[in-house]
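Dear colleague,

Please find below the structure that I am handing over to you, followed by an account of what was found in it.

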Amino acid sequence: MKMPAPSRPRKRPTIIVGSVDNSSSSSSSDDEEEEEEEVEDRVDDEDEEKGKGRNGSLSRKGVGKKAPAIIISLKKVCKVCKEEGHQAGFQGANYIDCPRKPCFLCKKPGHTTMSCPHRVALEHGVVPALRKNKQTQLDYVFERQLMSQIPKIKPTFVIPDKLDRGVVKLHSRRVTSLEFHPTMNSVLLSGDKKGQIGIWDYSKPNEKTVYGSIHSCIVNNMKFDTRNDIMLYTSSSDGTISYTDLETGIGVLLMDVNPNGWNGPSTWRMLYGMDINLDKGLLLAADNFGYLYLFDTREKVKIGESILIHRKGSKVVGLHCNPTQPDLLLSCGNDHYAHIWDIRRLETQSFLASLAHGRVVNSAYFSPHTGSKILTTSQDNRIRVWDSVFGNLNLPSREIVHSHDFNRHLTPFKAEWDPKDPSESLAVIGRYISENYNGVALHPIDFIDTSTGHLVAELIDPDLTTISPVNKLHPRDDILATGSSRSVFIWRPGGLKVEDKEAERKKEIIFCNTGKKSAKEKFNESDDDDDGDDFPSKGKNKQQKKYGGKSDKAGSSKSKIVKI
DNA sequence: ATCTCATGAATCC
DNA sequence: TGGATTCCCTGAGA
């Protein structure tokens, strides 16, 4: 509980893509002014004491023209605590916390988000908690035997600092999962809340397909059959696992955990975690009541009975098989725990280790190469890292405070490893709370060095105005995919494509070495964006539907960077 | 511009 | 223990 307030390097690149129409109108400068006038004519304000006076309905985000300067009047009541004397909410593009509540970022009392030590002053910071782990003998063994496979010298992270961006709005509901094709480098799959699965070849912006009848609600997981990679396993809240041929959209129903159909929400099983264990020919999935299901992918049969692996009645949120140890399974759930299991001995409470979290665990992943680290994301606004599966797992090696706790209506945030980082350090995760980027409230996507907790880079795009809970880094290329609301974004290093020359014309890279830059500098010049894309008439086959049109943008717009 | 809704976990009684 | 109530940065459509 020491917070290392000390100065830390402010050397983070902020990657800004696209442009914003930042016609200085909403200039942050004047957000401040309070207008005491309005106070009197609010007759009812008087008796509107605590409890009643709902939302002050402040128009949010500094995007609007006339800064909706919050009226700080003693008569008004804070929408959060219902007390008089202060107001919570957006003030321009800055969100002012209710001072009577714990910090919205770190959840500790005594300060607000604005002054949270984990926020690195005016920037957008992430700070590691103190390393609490004591080294045990196992740690040393681990470090000798396994650590040696991890490069000592961490390579420079490859974060494209000059980006092209492609966007499609394939989905009619928010995107809930993303997966890159294992062999076709530019093919991205996306699943949505409605059960639709989108396929987008972003090297050919017009090649988009949406399959609408594979699932009937949330697509929670997608995994390719790497032995036959036109086939995709999907799990859904409709309670089924589907095995779908992506060329035809025709799938096989592998498993349905609601054989008796709908009997009300209290009995309806939804499948949340899913992973494939290639070595064992297993598909593992789990439901919202705490049970794990095993399926033999070769024989195409369910194996045994379901096994309770998390608190009865609580949702199992995620499953992950260890990439090097086929016997190890990691699960996480709404019971605030992640568990490590031996797949050969799966019984209730037989887990090898239990990792406690402060709240719901959104995700838990083994590291991608050695499988020896664990990265979890919890609703208590902390990313946790365990450096060694074989060490003392009682406490994480690191806790990184990061804003990703949400209030319904969003897909859970998950910190995802960069599969290309041989040092198994870099992770990407979207941020919940917005920052004031020169008068515009935007939600960045953060790149975090999980070995130190440092925010390595943050990606923002003036056109990316919605929160981006779903992110996936490409297994081979320096490419990031993002699911934000109904849109799917692809971010890739810029300047690669010859045909982008035209767009490049008025773009420039800006390096800001001093923290604060004017809006003009950051988002100088507007660009006329890309030439949207219209949908190709070529279809792949019947089952597919196409969406979009008007607001779609695909292809690329050149980008700019600001380094802070 | 304002309202409404979808929704899930935590908390309250 | 369990049903009702609450809930701080949502997003889109009416």
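A salt bridge is defined here as a side-chain nitrogen of Lys or Arg within 4 Å of a carboxyl oxygen of Asp or Glu. By that criterion, the structure, which is a predicted model, holds 22 salt bridges. Side chains of opposite charge can pair when their charged atoms come close. One of the salt bridges joins Lys 107 and Asp 405, with 3.4 Å from N to O. This pair links distant parts of the chain, 298 residues apart: Lys 107 is in the loop between strand 3 (94-96) and helix 1 (137-145), and Asp 405 is in the loop between strand 24 (398-401) and strand 25 (416-417). Helices (H or I, at least four residues) and strands (E, at least two) are DSSP runs, numbered from the N terminus.

As to conventions, residues are numbered from 1 along each chain as its sequence is written, and chains are lettered from A and ligands numbered from 1 in the order in which they are written. In this predicted model, local features need pLDDT of at least 70, side-chain atom pairs count only at pLDDT 80 or more, and totals for chains, interfaces and linings use all residues, while side-chain values use heavy atoms, with hydrogens and water left out.

Confidence is expressed as pLDDT (the predictor's confidence in each residue, from 0 to 100). Chain A averages 75, and 67% of its residues score at least 70. Residues 1-10 have a pLDDT below 50, and this stretch makes 11 contacts (heavy atoms within 4.5 Å) beyond near neighbours in sequence. Residues 495-564 are also below 50, with 181 such contacts in the model.

Turning to the DNA, the residues near strand B (a heavy atom within 4 Å of it) are Lys 193, Lys 315, Asn 334, His 336, Arg 359, Val 360, Arg 408 and His 409. Of the strand B atoms within 4 Å of the protein, 30% belong to sugar or phosphate and the rest to bases. Phosphate oxygens of strand B lie 3.5 Å from a polar side-chain atom of Lys 193, 3.0 Å from a side-chain N or O atom of Lys 315 and 2.5 Å from a polar side-chain atom of Asn 334.

Yours sincerely

Note on methods: Polar contact = N/O pair within 3.5 Å; in protein donor to acceptor, adjacent residues only side chain to side chain.
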